[in-house]
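Me: I have a model open on my screen and would like a close look at one part of it. Could you take me through the pocket, and then show me what else surrounds the picture?

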Amino acid sequence: MIIVMKPGALKKDTRTVIRKIKEMGYTPHTIYGKTRNVIGAIGDERGKFVLQSLESLPGVDRVVPILKPYKLASREVKPEPTEVKLAPGVSVGGKKLLVIAGPCSVESEQQMIRTAKAVKAAGAQVLRGGAFKPRTSPYAFQGLEEKGLKILRKAGDIAGMPVVTEVMNPMDVELVARYSDILQVGARNVQNFSLLKRIGKSKLPILLKRGMMTTITEFLMSAEYCLSEGSRRLILCERGIRTFEDATRNTLDLSAVPVLKERTHLPIIVDPSHGTGHFRYVPSMSCASVAAGADGLMIEVHPSPENALSDGPQSLTFENFAALMETLRPFIAAAGRTI
Ligand code: PEP
Ligand code: MN
């Protein structure tokens, strides 16, 4: 249920509502809006109508059920879009398009520092690089783990960029959070519920990638796991789904962008690198993502893609990345955004 407070409700009225919600055995989640606050009461769906009695409390405008299975992620709870702050001066979900760039995997200090400087100069705001890699084969490069986290942090600090990296295991959340500004949950872990619950307790922003076989509703239910644990800074990422088509690595589902925009207040970015699997298709799908209303892009960039330890075929060179940033400009302006 959502308890919608009146525009001029007093702080003590909100506090009373929160206390009552707890007494009734539900968990309150307050969402501070521009004109009024709403309090989501989350818990057992079956007895939720007892919450209707809160309507008689001072400062309460109305009590309404949340119809969607995802609650805190839904537009019903928060009609206006959420702008997620990632670092001083860097956010996503507002007017400015977010660009995250970097290699698939952290391989060496030199590779990361060169990449950080190149992508920053071309206009990227966040540096990426995997230190724990979810690989299909156990014999493929698995990532440099803590050594990779240290390199990523150093490269980000040198270039003056916040960093994002994947965490695969609930036991590693604390370790990864020591080095990274944003925690990424990869496609393969989108329904790893113990990871989602653990990561939802972290204070860091979360970048949640859509699974290759998750529906949009399932994707939002995964986001709900993090939000219900207290996370407030969550970004969704469309990265392609499995279909019968094999000309591309995945089928980039760009229709997910307007659908998600309608259903959730959370920011949504697109990863056309994993979405297509080939560097030649990345620029057109990046422009299409911006046109579709995405709040940002995540692009794989490598100093020498032919030597990359993972995902070389879909990685852009520094030159190709700089060219892409130029190509994007008119699309960014046409979408009413800035960079
Ligand atoms: C990645 O971002 O490098 C990655 C492994 O992506 P995904 O989880 O979308 O496959
Ligand atoms: Mn990759």
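Reply: Both domains contribute to the lining of the largest pocket: domain 1 (2-64) and domain 2 (84-334) each supply at least three residues. Please keep in mind that this is a predicted model. The protein chain is divided into these two domains, 2-64 and 84-334, and the centres of domain 1 and domain 2, taken over C-alpha atoms, are 35 Å apart.

Now for the pocket itself. Its volume is about 360 Å³, and 18 residues line the largest pocket. If you want to find its middle on your screen, select I31, Y32, K78, T82 and R232, which lie nearest the centre of the largest pocket. Strand 2 (residues 27-32) is a good landmark too, since the largest share of the lining, three residues, comes from that strand. In chemical terms, the lining of the largest pocket is a mixture: seven residues are nonpolar, five are polar and six are charged.

It helps to set the second largest pocket beside this one. That second pocket has a volume of about 250 Å³ and a lining of 19 residues. Nearest the centre of the second largest pocket you will find P134, R188, R249, H274 and D311. Here the class counts are four nonpolar, five polar and 10 charged residues. For the largest pocket, to recall, the counts were seven nonpolar, five polar and six charged.

Away from the pockets, helix 10 (residues 318-334) is worth a look, with two helix pairs to follow. Two packed helices are described by the angle between their axes and the distance between the axes. For helix 9 (residues 282-292) and helix 10, the axes come within 9 Å and cross at roughly 25 degrees. Angles under 35 degrees count as roughly parallel, so helix 9 and helix 10 are roughly parallel to each other. The crossing of helix 9 past helix 10 is right-handed.

The other pair brings in helix 2 (residues 109-122), which packs with helix 10 at an angle of about 20 degrees, the axes being 9 Å apart. Helix 2 and helix 10 are therefore roughly parallel to each other as well. Helix 2, too, passes helix 10 in a right-handed crossing.

Terms used. Residues numbered from 1 in each chain as written. Chains lettered and ligands numbered in written order. Predicted model: local features only at pLDDT ≥ 70, side-chain atom pairs only at ≥ 80, totals over all residues. Heavy atoms only, no water. 1 Å grid on protein atoms, 1.4 Å probe; cavity = no way out; pocket = protein on both sides within 12 Å on 5 of 7 lines; lining within 4 Å. Points joined across faces, edges and corners; volume = space filled by probe spheres on them. Helix = DSSP H or I, 4+ residues; strand = E, 2+ residues; numbered from the N terminus. Nonpolar A, V, L, I, M, F, W, Y, C, P; charged D, E, K, R; others polar. Domains from an automatic or database assignment. Axes fitted to C-alpha atoms, helices over the stretch in contact; angles between N-to-C directions. Parallel < 35°, antiparallel > 145°, perpendicular 65-115°, else oblique. Left-handed = near helix turned anticlockwise from the far one by under 90°.
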